[in-house]
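Me: I'm new to this one and would like a close look at a single part of it. Could you pick out the aromatic pairs and walk me through what surrounds them?

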Amino acid sequence: PINGYAKGMYSTDGGLTWTSTTITGSGDWLCTCWSKERGIFVVMSGLEVAQEYDGINWTYVTAATAVNGYVEWVAVFGRFVSPKWSSVDAITWDAMTDAPVSYYGAGKDGSFSTSNNTFYQITTNGPSGTRLWSTTDGTTWVNVRAIETTSSINYYNHMAYSPSLDMLAIAGGKSLPEAGHILTSTDEFVTVATYSTGYNMT
């Protein structure tokens with residue numbers, strides 16, 4: 001998807017050339033995921049969902065309510081998981097139990113840990129800091145802990161998991177005090193290592 005436009009891009013030659021395609025909806029598409037098991041791509045915005053089977057033609061799906069931007073396919077759960085909703089087919093969406101509804105920017109990013117079959121997401125509420133959430137079934141969130149609350153470095157946008165290191169990492173945004181910062185942990189951020197790259201990460 002192209003953020004801010006009702007457009008997507010696809011390539012049939014390994015990424016050398018790209019062709020635009022229209023995605024019906026508001027145009028504020030933020031995230032795309034692929035489900036090998038379902039054979040579909042799903043794209044999500046703050047309010048809408050669309051899916052497609054061939055990378056070109058998209059079918060618009062109206063979500064029950066705001067879905068908050070990102071979506072991931074978690075094969076172990078057999079579900080698409082977003083901050084507030086989850087679905088087995090990207091058509092019918094079920095409300096997640098104990099979803100972080102009070103956090104704006106809820107669900108900035110998420111990642112699956114193969115070591116404990118747990119899907120994690122981070123949420124940010126400005127000066128209130130960044131929090132870690134987890135789910136082991138794709139239907140219920142657990143508010144694990146606050147990651148960063150005491151300093152100005154408390155607005156993180158991205159998360160990744162390394163199976164070889166059994167490590168979670170989160171990275172800061174592009175124009176706030178935390179830009180260029182990376183936090184890593186092997187124990188759900190009970191203990192944290194902090195690094196500064198000096199570069200913006202969008």
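Reply: Here is a walk from the whole chain down to the aromatic pairs, with a few stops afterwards.

First, some ground rules. This is a predicted model, where local features need pLDDT of at least 70, side-chain atom pairs count only at pLDDT 80 or more, and totals for chains, interfaces and linings use all residues. Residues are numbered from 1 along each chain as its sequence is written, and side-chain values use heavy atoms, with hydrogens and water left out.

Now the overall picture. The protein chain has 18 strands and 0 helices; both are DSSP runs numbered from the N terminus, with helices (H or I) needing at least four residues and strands (E) at least two. Of its 202 residues, 46% count as buried. Buried means under 20% relative accessible area, exposed means over 50%, and partly exposed is in between, using a 1.4 Å probe and protein chains only.

On to the rings. The structure holds 4 aromatic pairs. Rings of Phe, Tyr and Trp (its six-membered ring) pair if their centres lie within 6.5 Å; planes under 30 degrees apart count as stacked, over 60 as edge-to-face, and the rest as tilted. One of the pairs is Trp73 with Phe80, tilted, at 4.7 Å centre to centre and 55° between the planes. Trp73 is buried at 13% relative accessibility, and Phe80 is buried too, at 0%. Another pair is Phe119 with Trp141: their centres are 6.2 Å apart and their planes are at 45°, so this pair is tilted as well. Phe119 sits in strand S12, while Trp141 is in the loop between strand S13 (130–135) and strand S14 (142–148), so the pair ties together parts that are 22 residues apart in sequence. Both Phe119 and Trp141 are buried.

Trp73 and Phe80 also turn up in the largest nonpolar core, which has 12 residues, including Ile40, Val42, Met44, Trp85 and Trp93. A nonpolar core is a set of buried Ala, Val, Leu, Ile, Met, Phe, Trp, Tyr and Cys residues joined through side-chain atoms within 4.5 Å. Strand S4 (residues 40–45) gives the most to this core, with 3 residues.

Right beside Phe80 in the sequence is a charged residue to look at. Which residue does Arg79 form a salt bridge with? The partner is Asp94, and the closest N and O atoms are 2.8 Å apart. A salt bridge here is a side-chain nitrogen of Lys or Arg within 4 Å of a carboxyl oxygen of Asp or Glu, and a search of the whole structure finds 1. Arg79 lies in strand S8 (residues 79–81) and Asp94 in strand S10 (residues 94–95), so the bridge ties together parts that are 15 residues apart in sequence. Arg79 is buried at 12% relative accessibility, whereas Asp94 is partly exposed at 38%.

Back in strand S12 (residues 118–124), you'll find Thr118, which is buried with a relative accessible area of 5%. Leaving aside neighbours within four places in sequence, Thr118 is in contact (heavy atoms within 4.5 Å) with residues that include Ser111, Phe112 and Thr135.

One last stop: Glu188 and Phe189. Glu188 has a positive phi of about 60° although it is not a glycine, and Phe189, also not a glycine, has one of about 70°. Glu188 is in the loop between strand S17 (181–185) and strand S18 (193–196), and Phe189 is found in that loop too. Glu188 is partly exposed at 27%, while Phe189 is buried at 3%.
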